[in-house]
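Biologist: Please take a close look at one part of this model, beginning with a single residue and its setting. From there, please carry on to the way the helices pack and to the loops, in one connected account.

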Amino acid sequence: MTFPVWFLTLPGVMTLDITGPAETLMQAGEAFSLRYIGPDENVLTSTNMVIGRVEPLPESLPAGSLLVVPGAANSAIALATPQAAIARNWLMRQQPAIHAGDITLVCICSGTLLAAESGLLHGVQCTTHHNIIDRLKKAEPAAIVRENRIFIEDRGIWSSAGITAGIDLSLHLIHRLCGAQASLSVAREMVVWFRRSGDDPQLSPWLRYRNHINPAIHRTQDLLLAQPERDWPLEEVAHRVHVSARHLTRLFRQHLGISVREYHEQLRLAIARQRLEQGEGAERAALSAGFSSSRQLRRALERWHA
């Protein structure tokens with residue numbers, strides 16, 4: 001079975017919001033057929049790349065279609081254009097088919113804002129890039145906005161965080177529609193080894209605790225990131241980054257609000273989740289991430305409410 005995919009293509013579209021999901025879905029072979037629709041035949045993207053031969057907006061889409069609404073680099077400007085107004089009116093006309101489940105709506109980044117402004121998210125759980133969460137709440141006060149989520153689904157309406165999150169969501173859709181093996185094969189082909197799930201925070205442990213300028217903490221993080229699965233005694237870590245264990249502990253608490261051990265554990269949990277998502281058993285996933293057993297992994301997950 002081939003699923004038709006329609007990309008709503010507007011001026012100023014974020015290039016990776018459209019090419020990321022498109023390339024991911026194309027890697028699934030003949031499972032998806034891609035088309036690009038919009039008010040203009042030629043569209044200038046966020047990277048000054050021109051997408052040409054964009055098809056006119058059809059009056060309706062066939063049942064079983066995926067309708068992808070990418071975000072824009074500057075959504076405040078892009079969503080105020082005449083083309084955005086045309087797109088909103090067109091989306092409103094698709095509302096019965098979307099709510100009936102005949103069309104699967106897939107919103108990437110600020111594409112969720114356009115869907116909200118079109119009246120499609122009333123009472124719907126949704127998310128978007130963390131920088132525009134407040135704008136989403138204002139655009140549709142009746143939406144159930146979930147913060148710090150990679151992607152979320154509610155009654156056939158999908159929404160995701162910004163930019164690369166569209167790739168994560170596309171991999172999940174391949175998993176849902178084509179099976180786990182197909183999704184894993186695409187992820188490996190694209191060298192996306194750390195495929196995130198919808199429940200993962202938008203800022204992973206790889207990024208979440210980097211908002212500081214302390215060189216000793218940065219050296220520690222680089223060290224642990226290089227081999228998160230191995231045991232790292234605090235004294236060894238401190239010696240390798242040229243500070244005392246006591247001082248390093250104090251720095252982590254002061255700047256990050258967590259201990260070195262807790263930071264290391266979060267890295268391991270991220271790896272274990274990916275292994276589990278790829279279909280590995282709990283014991284193997286735990287050992288690969290550096291836990292002594294699946295029981296230890298389970299306790300760590302409980303500690304972090306994962």
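Modeller: Cys107 has a relative accessible area of 0% and therefore counts as buried, a term that means under 20% relative accessible area, with exposed meaning over 50% and partly exposed what falls in between, for a 1.4 Å probe and protein chains only. The model is a predicted one, in which local features need pLDDT of at least 70 and side-chain atom pairs count only at pLDDT 80 or more, while totals for chains, interfaces and linings use all residues. Residues are numbered from 1 along each chain as its sequence is written, and side-chain values use heavy atoms, with hydrogens and water left out.

To stay with the cysteine for a moment, a search of the whole structure turns up 0 disulfides, where a disulfide is a pair of cysteine sulfur atoms within 2.5 Å. Cys107 accordingly takes part in no disulfide, and the nearest cysteine sulfur, which belongs to Cys126, lies 8.3 Å away. Cys178, by contrast with the buried Cys107, is partly exposed, because its relative accessibility is 31%.

Cys178 leads on to the helices, since helix H6 spans residues 165-178; helices here are DSSP runs of H or I with at least four residues, strands are runs of E with at least two, and both are numbered from the N terminus. Two packed helices are described by the angle between their axes and the distance between the axes. The axes are lines fitted to C-alpha atoms, for helices over the stretch in contact, and the angles run from 0 to 180 degrees between N-to-C directions. On that footing, the axes of helix H1 (residues 15-26) and H6 come within 8 Å and cross at roughly 30°, so the two helices are roughly parallel to each other. In these terms, angles under 35 degrees count as roughly parallel, over 145 as roughly antiparallel, 65 to 115 as roughly perpendicular and the rest as oblique. The crossing of H1 with H6 is right-handed, which is the name used if the near helix is turned clockwise from the far one by less than a right angle, anticlockwise being left-handed. From H1, Gly20, Pro21, Thr24 and Leu25 meet Gly166, Ile167, Ser170, Leu171 and Ile174 of H6, contact meaning heavy atoms within 4.5 Å. Sorted by class, the residues of this contact are 5 nonpolar, 4 polar and no charged, where Ala, Val, Leu, Ile, Met, Phe, Trp, Tyr, Cys and Pro count as nonpolar, Asp, Glu, Lys and Arg as charged, and the others, Gly among them, as polar.

Helix H12 (residues 260-277) packs against helix H14 (residues 294-303) at an angle of about 115°, with their axes 11 Å apart, and that angle makes H12 roughly perpendicular to H14. Their crossing is left-handed. In this contact, Glu265, Leu269, Ala272, Arg273 and Leu276 of H12 meet Leu297, Ala300, Leu301 and Arg303 of H14, and the residues divide into 6 nonpolar, no polar and 3 charged. H12 also holds His264, which is buried because its relative accessibility is 9%. Leaving aside neighbours within four places in sequence, His264 is in contact with Leu224, Pro228, Arg230 and Trp232.

Helix H9 (residues 215-226) packs against helix H11 (residues 245-255) at about 100°, with their axes 10 Å apart, and the two helices are therefore roughly perpendicular to each other. Ala216, Ile217 and Thr220 of H9, together with Leu248, Leu251, Phe252 and His255 of H11, make the contact, which comprises 5 nonpolar, 2 polar and no charged residues.

Turning to the loops, His242 sits between helix H10 (234-240) and H11, has a positive phi of about 70° although it is not a glycine, and is exposed, with a relative accessible area of 66%. Asn48, in the loop between strand E3 (43-44) and strand E4 (50-51), likewise has a positive phi, near 65°, in a residue other than glycine, and counts as exposed at 60% relative accessibility. Asn148 lies in the loop between strand E8 (144-145) and strand E9 (151-154) and is partly exposed at 40%; in sequence Asn148 is 13 residues from Ala161, and their C-alpha atoms are 8.1 Å apart.

A last pair involves Gln181 of helix H7 (residues 180-189), which is exposed, with a relative accessible area of 53%. Gln181 and Gln278 are separated by 97 residues in sequence, yet by 8.5 Å from C-alpha to C-alpha.
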